[in-house]
Amino acid sequence: MNTAPLPVVCEPLFKPKPWGGRRLADLFDKPLPADETIGESWELVSLPENESHVLRGPLAGRSLSKLVSLWGDDLLGGVDLVDQRFPLLIKFLDACENLSVQVHPKPADDDPLGRKPGIKHEAWYVLHADPGAKLYIGLKPGVTPADVAQAANTPAMVNLLEAWEGTPGQCYYLPSGTLHALGAGLVVAEIQTPSDITYRAYDWGRVGLDGQPRELHIDQSLSNIRYDVTREMIHQPARQVAGLVSAATRAAECDRFTMDMVRLTAGLSAAVPTGELAIWMVLRGAGCLHTTAGDCPFAAGDTVLLPAAGPDRRLELTADTEWVEVRVPRA
């Protein structure tokens with residue numbers, strides 16, 4: 001079987017959630033399981049309990065961890081693994097109800113980049129928003145630990161959070177340790193570091209899919225909230241940068257990933273350079289990456305993994321196309 005580093009699309013892992021819905025089928029024609037509320041589609045992941053597998057082509061069925069093992073630096077291009085695993089977790093989220101007010105582990109003083117397991121820096125790019133939808137990210141100025149402790153597990157927690165308009169095309173960065181909640185009526189593309197550790201501080205009085213109240217983690221939440229996260233860190237100014245094949249708009253960046261918006265027109269034919277790991281979350285349109293060792297067609301809703309090395313590749317677009325381009329800064 002051909003083991004040359006090739007662009008691939010992996011099979012999504014669908015996650016039922018009490019706050020989820022069916023919009024990922026409507027927006028991207030995702031083959032959601034019948035009669036389930038799907039909150040998350042994990043597009044690219046390598047964690048102990050969750051592993052992506054190549055969907056089609058000559059490498060169909062291969063796991064992401066196997067590709068890391070097979071290709072090594074030809075896949076990663078000098079990017080460090082995290083706990084010996086692929087350094088990102090890529091998702092689509094569909095919030096038909098509010099998500100819990102939650103926080104992820106804050107980096108330790110001796111680990112400011114958050115390279116130890118458990119850290120979850122993330123960014124949300126808004127794809128769909130119902131009228132009036134809000135994102136709750138970060139604490140309002142002047143909120144103290146005593147304020148948060150008093151409000152924990154009560155509706156008052158929401159009043160401590162900054163509310164952001166749910167406008168399609170807006171991007172928000174959440175460094176690990178930021179108290180937050182994704183509001184109802186939103187679909188977002190989420191880029192994050194590879195962790196699934198979440199501490200819930202308030203869950204709107206909701207029960208889980210089993211009909212029981214969901215577990216809260218008040219002590220862990222209170223001990224992991226950062227109080228130095230500013231509005232400027234969360235909503236970064238857009239700027240023009242060089243994308244992999246064209247100019248792009250930088251939507252968010254941190255020490256662990258960059259997130260750029262790319263928009264191209266139908267009929268484009270262009271060489272795609274190697275030398276750097278990249279991921280395309282395709283939001284609309286369609287096309288194909290052609291190589292001498294095999295082709296990788298893609299359409300809206302697909303997430304394409306582009307290894308840092310491999311045969312020459314050429315991009316052909318059959319429709320106006322837009323994607324989120326994710327890259328990982330070299331250490």
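Strand 8 and strand 11 (171-174) pair in the antiparallel sense over four bridges, where strands are DSSP runs of E of at least two residues, numbered from the N terminus, and two strands pair if DSSP finds at least two bridges between them. In this pairing, Trp124 stands opposite Tyr172 in strand 11. The model is predicted, so local features need pLDDT of at least 70 and side-chain atom pairs count only at pLDDT 80 or more, while totals for chains, interfaces and linings use all residues. Residues are numbered from 1 along each chain as its sequence is written, and side-chain values use heavy atoms, with hydrogens and water left out.

**The sheet**

Both strands belong to an open sheet of six strands in the order 2-3-6-13-8-11, with antiparallel pairing. Its edges are formed by strand 2 (13-21) and strand 11, each of which pairs on one side only. Neighbouring strands are turned by 25° against each other on average, direction ignored; the axes are lines fitted to C-alpha atoms, and angles run from 0 to 180 degrees between N-to-C directions.

Three of the pairings are set out below.

| Strand pair | Sense | Bridges | Residues standing opposite |
|---|---|---|---|
| Strand 2 and strand 3 | antiparallel | five bridges | Leu13 and Trp42 |
| Strand 8 and strand 13 | antiparallel | seven bridges | Tyr125 and Ala189 |
| Strand 8 and strand 11 | antiparallel | four bridges | Trp124 and Tyr172 |

Strand 8 (residues 122-129) is largely enclosed by the rest of the structure, because six of its eight residues are buried, that is, under 20% relative accessible area with a 1.4 Å probe and protein chains only.

**Glu40 and the pocket**

Glu40 lies in strand 3 and counts as buried, at 8% relative accessibility. Its side chain makes a polar contact with the side chain of Lys91 at 3.3 Å (a pair of N or O atoms within 3.5 Å, one able to donate a hydrogen and the other to accept it). Beyond its neighbours within four places in sequence, Glu40 is in contact (heavy atoms within 4.5 Å) with residues including Leu13, Lys17, Trp19 and Phe92.

The largest pocket has a volume of about 430 Å³. A pocket is an open set of points on a 1 Å grid where a 1.4 Å probe fits, with protein on both sides within 12 Å along at least five of seven lines; lining residues have an atom within 4 Å of a point. Of the 25 lining residues, the closest to the pocket centre are Lys17, Glu40, Thr198, Arg200 and Arg214. Strand 2 gives the most to the lining, with four residues, and strands 2, 3, 6, 8 and 13 each supply at least two.

Notes
Buried < 20%, exposed > 50% of the residue type's maximum accessible area, 1.4 Å probe, protein only. Points joined across faces, edges and corners; volume = space filled by probe spheres on them.
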